[in-house]
Amino acid sequence: MGKSSVTANLAVALAREGKDVCVIDADVYGFSIPKILGVEDEPTVRNDKIEPPKVLGIKVVSMGFFVGEEQAVIWRGPMLHKALQQFVTDVNWGEPDYVLVDMPPGTGDVAISMSQFLPWSELLVVTTPQHAAERVAQRMAAMAEKVNLRVVGVIENMSYFIGDDGKRYEIFGSGGGAELAEKLGVPLLGQVPLEQVLREGADEGRPVVEYAPQSESARAIVEIARRLDEMEPPARPSPIPLEEAQRLSPLGERQPGLGQPGEAGRQPGRGVPSSPGRSTPIPLRLTPKKKPER
Ligand SMILES: Nc1ncnc2c1ncn2[C@@H]1O[C@H](COP(=O)(O)OP(=O)(O)OP(=O)(O)O)[C@@H](O)[C@H]1O
Ligand SMILES: [Mg+2]
């Protein structure tokens, strides 16, 4: 609970630290990132690439820019896969330090697709204190195995609430995050309190980390961003020279690092390759909506 809010605010925290940050909203059915971050601009198309809008210095792409809410639900199977692929390969991301991917609930198709396009990404688990650690751990471990990605940390959300009396109330119990982290053998990166200002900020497109940086929840998320930044960057597949990649490609245009599993990857900071040159042509084209529905 709170995946999107945590993702959006972590992005803001990293951007405030001077990092080049991108957010891919992979929740194609229930996209919420544009609203939480308060994205006002729309993507444009330049040289056949989608230029993502920026907010607070963060580049963002979301299905919300391309379809109306009611359309999103029909995206299934191969179409969904292609749309997600375009989020990675047809968007002009530059050379980001971080690419945060907001996942939909569950462990289905989207996770499998994204793990193929970004094979060196890592998983962060957002949980709440009362979630049965045992069950979540099993589910996460199964998912990590299925998509062949590593879980690197746990973030506990809604950990406590500080009342007007200054007392700390553990509304949803305590210990779930720490227990889950221990079971997964990864660090608990932080505990984010339940706070009204976070919820209001998300509703109004004014993320707390930017607009209420002194709040408890903002400070907790900034601290999590620092810990994340201190961690070792993910081990990536070692790059193969471009010539070699082109020789291997029947069309002579396949680029290294476009994210096929086991294929070579480029090495920008942590994140997506910057899709040099042409990407593989695919029939489905995402075109920005004329009038965004927000
Ligand atoms: N720490 C918090 N304090 C207050 N409100 C919060 C907190 N975390 C999340 N919320 C609120 O809870 C609701 C759900 O959060 P969010 O959309 O981030 O969850 P999610 O896990 O992404 O949900 P979904 O599974 O639907 O994608 C939102 O209204 C959000 O503002
Ligand atoms: Mg969400």
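**Exercise 1. Work out how helix 1 and helix 10 cross, and what their contact is made of.**

Start with the handedness: helix 1 and helix 10 cross in a right-handed way. Keep in mind as you work that this is a predicted model.

Next, take the geometry. The two helices pack at an angle of about 70°, and their axes are 9 Å apart. Angles of 65 to 115 degrees count as roughly perpendicular, so helix 1 is roughly perpendicular to helix 10.

Now find the residues. Helix 1 brings Val6, Asn9, Leu10, Ala13 and Leu14. From helix 10, they are met by Ile221, Val222, Ile224, Ala225 and Asp229.

Finally, sort the residues of this contact by type: eight are nonpolar, one is polar and one is charged.

**Exercise 2. Describe how helix 4 packs with helix 5.**

First, locate the pair: helix 4 covers residues 77-89 and helix 5 covers residues 109-117. Their axes lie 10 Å apart, at an angle of about 40°. An angle that is neither under 35 degrees nor in the range 65 to 115, nor over 145, counts as oblique, which means that helix 4 is oblique to helix 5.

The crossing of helix 4 and helix 5 is right-handed. On the helix 4 side, the contact is made by Leu80, His81, Leu84, Gln85 and Val88. Helix 5 contributes Asp109, Val110, Ser113, Met114 and Phe117. By type, the residues of this contact divide into six nonpolar, three polar and one charged.

**Exercise 3. Lay out the sheet of four strands, then place helix 1 on it.**

Begin with the order. The strands of this open sheet run 4-5-1-6, with mixed pairing. Strand 4 (54-55) and strand 6 (98-102) are at the edges; each has a single partner strand, so one side of each has no neighbour in the sheet.

Then look at one pair in detail. Strand 1 (residues 21-25) and strand 6 run parallel and are joined by five bridges. To follow one by eye, pick Asp25: the bridge partner of Asp25 in strand 6 is Asp102.

Last, add the helix. Helix 1 lies across strand 1, strand 5 (58-62) and strand 6, and makes about 165° with strand 6.

**Exercise 4. Do the same for the sheet of three strands, and find which helices pack on it.**

The order is 7-8-11 in an open sheet, and the pairing is parallel. Strand 7 (122-127) and strand 11 (188-192) form the edges; each has a single partner strand, so one side of each is without a neighbour in the sheet. On average, neighbouring strands here are turned by 20° against each other, direction ignored.

Strand 8 (residues 150-157) is joined to strand 11 by four bridges, and the bridge partner of Ile155 in strand 11 is Gly190.

Helix 7 (residues 176-184) touches strand 7, strand 8 and strand 11, with its direction at about 170° to that of strand 8. Helix 10 (residues 216-230) touches strand 8 and strand 11, and its direction makes about 170° with that of strand 11.

**Exercise 5. Map the surroundings of ligand 1.**

Count the shell: 18 residues surround ligand 1, and the closest are Gly2, Lys3, Ser4, Ser5 and Arg199. Helix 1 (3-16) and helix 8 (196-204) are the elements that give two or more residues to this shell. To finish, sort the shell: seven residues are nonpolar, seven polar and four charged.

Key: Residues numbered from 1 in each chain as written. Chains lettered and ligands numbered in written order. Predicted model: local features only at pLDDT ≥ 70, side-chain atom pairs only at ≥ 80, totals over all residues. Near = placed C-beta within 6 Å. Nonpolar A, V, L, I, M, F, W, Y, C, P; charged D, E, K, R; others polar. Pairing = 2+ DSSP bridges. Contact = placed C-beta atoms within 7 Å. Axes fitted to C-alpha atoms, helices over the stretch in contact; angles between N-to-C directions. Left-handed = near helix turned anticlockwise from the far one by under 90°.
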